[in-house]
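Colleague: I would like a close look at one part of this model, the sheets and the helices that pack on them. Please take one sheet slowly, then say how the rest is put together.

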Amino acid sequence: MGSACDTIEETVNYLNKHGEKVGLIKVRLYRPFSSEHFLAALPDTCKKIAVLDRTKEPGSLGEPLYQDVCTALMEAHQAPLVVGGRYGLGSKEFNPCMVKGVFDNLNAEKPKNHFTVGITDDVTHTSLEVPSCLYTTPEGTHRAKFFGLGADGTVGANKNSIIIIGNNTDQYAQGYFVYDSKKSGGITVSHLRFGHEPIKSTYMIDQADFVACHNPSFVTRYDILEGIRDNGVFLLNSNWNLKEMEENLPAHIKQTIAQKNLRFYNIDAFTIANELGLGGRINIIMQAAFFKLSEVIDPGLAMKEIEKMIQKTYGKKGAEIVEKNVNAIYKALEALEEVEYPQSWSESTTGGTFEPEDAPEYVCENIYPMIELKGDDLPVSSFTPDGTVPTATTQYEKRGIAIDIPIWLPENCIQCNQCSFICPHAVIRPYLARPEDLDGAPEDFTTLDGKAKDIKGLQYRIQLSPLDCTGCANCVDVCPAKEKALEMKPLEKVVEEEDAKFRFAESLPEPDVEISPNTVRGSQYRKPLFEYSGACAGCGETPYIKVITQLFGNRMVIANATGCSSIYGGNAPTVPYTVDRKGRGPAWASSLFEDNAEFGFGYSLAINQQRSRLIDLINQIMQTDISGPFKEALQNWLEVKDEGDPSLTAADQVRELLGAEKPQDNNAELLSEIRDKASLLPKRSIWIVGGDGWAYDIGFGGLDHVIASGADVNLLVLDTEVYSNTGGQSSKSTPTAAIAKFAAAGKEMRKKDLGLMAVTYGYVYVAMVSMGANQSQFLKAITEAEAYPGPSIIIAYSPCIGHGIDMSKSQREGKLAVESGYWPLYRYNPMLTKEGKNPFILDSKEPKEDLRTFMMNEVRFRSLTKEFPERAEILFKEAEKVAKERFEMYKQLAMVQADSEN
């Protein structure tokens, strides 16, 4: 987490106090390497040297610093023993135990050279043995660990705590924050140290004085009290009484509490936050509890400083938000309770447990340890040399992070499937079943008679996976029924019965019925091949990807730019892209931020070349002695090979006959090669996916090159209008008047019109879509784009947590963006020119909402009126002017059709 030198210095001081004779030379300036200064710093008594490099250069005789040290000593005719090794690769931990391991290696009769430390290398066997825990932190240092849920405010509160302590005491302060790969809703671990001596402990806390668990579900999933010292403090956020703690706390947690004589406190922060209207933001509540219990500084002073921080942090959002958070401080102090636990806990053998899903060997041996925060313990042999990992693994996480989840009310349901269509995490789905398949269903597994013609005779049910839901509530918001067909209920009250219903629904056989996927309702009867991602609750990006996989996922290949979509799309340890019941699903890979379009173009070139060879083989084998049915199937495939789903159907027919076809003297080699290339029979649906930072800015040159090439690829731009994944910096997609990093006083320049630039080519399919505004228009756009035999670009309005909106209504925000004229919808389809029609179709109606109504609904615009009110008025007028001019221009482009017809 920081300079290895400080960790080594702390360890050297500790070891020398305990009788060792060890030292450290810090190389602060490297290359040019100064032999003179190095030799001057090296004690004459030095007999052995270990050189640590944080690089890995396979093929070299040693790492760079090691080679320079060896050369310097050789040229000076000095001959101490020198060994070299690597540490910290892949951001691995480097702590005092590992430092001791390096010194122990030097003390060995034959020290290992070219070693690694901090990993278990069971492939090349270069790793050092690391001794057991070595606690070198100076006395008087206070160490605190906080286990939080991503987006609950824990990290932000802890950053403020560092500032408060640093500014109001003479203590040194240090903070380090560990995030998992989820955008939000994952675990965060905050490591805070405070002390009167300079803090050189640049490694994560392995012995804590204070541990806080901000989510009760963590107690069974993580070893949260590992390393807590005797008589330390444990703070838990839960709504449990002592009896419920007996049942819910794992045996090992209860043992640690009693055996180490911990001071154990509980607070029901979720209830307080809910009563105050703070949602899941429990940060201020837990921060107040920390200062009360830790006494790192005077609690009264701390509370006053927290109030100042609240004003600074939330002042832009209005007085009401400030007041709610200030009230949270004093509600927390009232609600904090010490738990008088029985001493019998020291021998506890029962309690809460977490049973992971039954899963394949790879999941059990690789993914589960990473989920349990034990990933650093995995040996090198656990990983594949080429970096590939299986898909379809998010289904095994079952995080259970929602506070409330939607429950279906069948009596109100109109079977429109809109709840499923917009679900960011693909957790709520419609299921169809034959009546006879419902035998053995769980109690209250209510179904309805299918209403539409294509599902007549089948039973219909909406069911969600409660342990995969993030509780965003967008499904409830978009439900168009007169009385909502979904209602939010506390997860803990319904989780068991709803989970049983979900597992039964998933086990149902798929009815053999033909349902067109080209409608909102029909598309949702196809399994999402992108599910349970780590995106933020209410994410505006993921519903687009999910629906696209429902239509084309069984033959998709995806090139993904760096950004949110690469983080929730394919970050370790799990992958949300999954497979259908035939084992087909998207193949996914991520390239660099700047070259993703070219990367996807490479897919196209490679696939076209390979399919060209396959076509040649098939044409050749049709001239040989093959059976009639096989020849007919090959001929059918040749006719539809470039037509998406028809090519997939034809491929299945060819494969079925291919396995049974007997080789003849004149075609054995041809038949063998065709079998090897059979995976290329379906037409590949190539998608190049990324955000606006990639498409408008860093990757624009490549994007422009690829769409100009005429290649049959589809580009999906998930437009949040800001660099969402890297801290909210302004991009060329950021609109006039929006506040972002590098545009702190509101952006002056108008947004780049990426779509219109692509339209000027004349042979690129272009669409601007907003799922929340017009689901059918989005569906039509992606269907037309994928069928278009050339480049297509879909620019999708993606409401984001970075906009400062209520993410339970992110779909509604997309609707307001269109209705206010902020985000016009259109499709530019070059195929229409062949019919003598205008290819530009404006799908938006005249704005019916005031643009400022939309803008004032979002903090990115609204905060400008508080910070710079006069400038806000100027920029808002400019934004209104820009929106009006753009809409008028699109109207004129769409009017060309009427003129040509006249």
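Modeller: What follows starts with a small sheet and then goes through other parts of the chain. Keep in mind that this is a predicted model.

The sheet to look at closely is an open one of three strands, in the order β12-β14-β13, with antiparallel pairing. Its edge strands are β12 (428-433) and β13 (448-449), each of which pairs on one side only. β12 and β14 are joined in the antiparallel sense over six bridges, while two bridges join β13 to β14 (residues 459-464), also antiparallel. Tyr460 in β14 is a useful residue to find on screen: Leu432 stands opposite Tyr460, and Leu448 stands opposite Tyr460 as well. In addition, Asp449 stands opposite Gln459 in β14.

How is β14 covered? Six of its six residues are buried. Gln459, Arg461 and Gln463 point one way from the strand, and Tyr460, Ile462 and Leu464 point the other way; all are buried. Helix α16 (residues 491-507) lies across β12 and β14, and runs at about 130 degrees to β14.

Two cysteines can be taken next. The sulfur of Cys419 is 6.3 Å from the closest cysteine sulfur, in Cys416, and is therefore too far for a bond. Cys475 is in no disulfide either, as the nearest cysteine sulfur, that of Cys472, is 6.2 Å away. A disulfide is counted when two cysteine sulfur atoms are within 2.5 Å, and by this rule the count comes to zero disulfides. Cys419 counts as buried at 10% relative accessibility, and Cys475 is buried with a relative accessible area of 8%.

Another open sheet has seven strands, in the order β5-β6-β4-β7-β8-β9-β10, with mixed pairing. β5 and β10 (337-338) stand at its edges with a single partner strand each, so one side of each has no neighbour in the sheet. At the β10 edge, two bridges join β9 (residues 263-267) to β10, and these strands run antiparallel. Tyr265 stands opposite Glu338 in β10. In the loop between α8 (251-259) and β9 lies Asn261, which has a positive phi of about 55 degrees although it is not a glycine. Asn261 is partly exposed, with a relative accessible area of 45%.

Helices pack on this sheet too. α10 lies across β4, β6, β7 (208-213), β8 (228-237) and β9, and runs at about 150 degrees to β8. Helix α5 (residues 154-168) has 15 residues and reaches 21 Å from its first C-alpha to its last, close to the 21 Å expected. Its buried residues include Val155, Ala157, Ile162, Ile164 and Ile165, and also the polar residues Asn158 and Asn160. The buried residues of α5 pack against β4 (142-149), β5 (172-179) and β6 (187-195), and against the helices α10 (283-294) and α11 (299-314).

Helix α3 (residues 64-75) has 12 residues and reaches 17 Å from first C-alpha to last, close to the 16 Å expected. Pro64, Leu65, Tyr66, Asp68, Val69, Ala72 and Leu73 are the buried residues of α3. What covers them includes α2 (35-41), β1 (48-53) and β2 (81-87). After α3 comes His77, whose phi is positive, near 60 degrees.

One helix pair is also worth finding. Helix α20 (residues 596-621) and helix α21 (residues 628-640) pack at an angle of about 145 degrees, with their axes 11 Å apart. α20 passes α21 in a left-handed crossing. On the α20 side the residues that meet α21 are Arg611, Leu614, Ile615, Ile618, Asn619 and Ile621, and their counterparts in α21 are Leu634, Trp637 and Leu638.

Finally, some backbone details in loops. Most residues other than glycine have a negative phi, and most peptide bonds are trans. The peptide bond from Arg31 to Pro32 is cis, with omega near 15 degrees, and Pro32 is found in the loop between α1 (4-17) and α2. The bond from Ala572 to Pro573 is cis too, with omega near 5 degrees; Pro573 is in the loop between α19 (564-570) and β17 (587-590). Ala737 has a positive phi, near 85 degrees, and sits in the loop between β19 (714-719) and α26 (754-759). At 0% relative accessibility, Ala737 counts as buried.

Conventions:
Residues numbered from 1 in each chain as written. Predicted model: local features only at pLDDT ≥ 70, side-chain atom pairs only at ≥ 80, totals over all residues. Heavy atoms only, no water. Helix = DSSP H or I, 4+ residues; strand = E, 2+ residues; numbered from the N terminus. Expected span 1.5 Å × (residues − 1). Buried < 20%, exposed > 50% of the residue type's maximum accessible area, 1.4 Å probe, protein only. Contact = heavy atoms within 4.5 Å. Pairing = 2+ DSSP bridges. Axes fitted to C-alpha atoms, helices over the stretch in contact; angles between N-to-C directions. Left-handed = near helix turned anticlockwise from the far one by under 90°.
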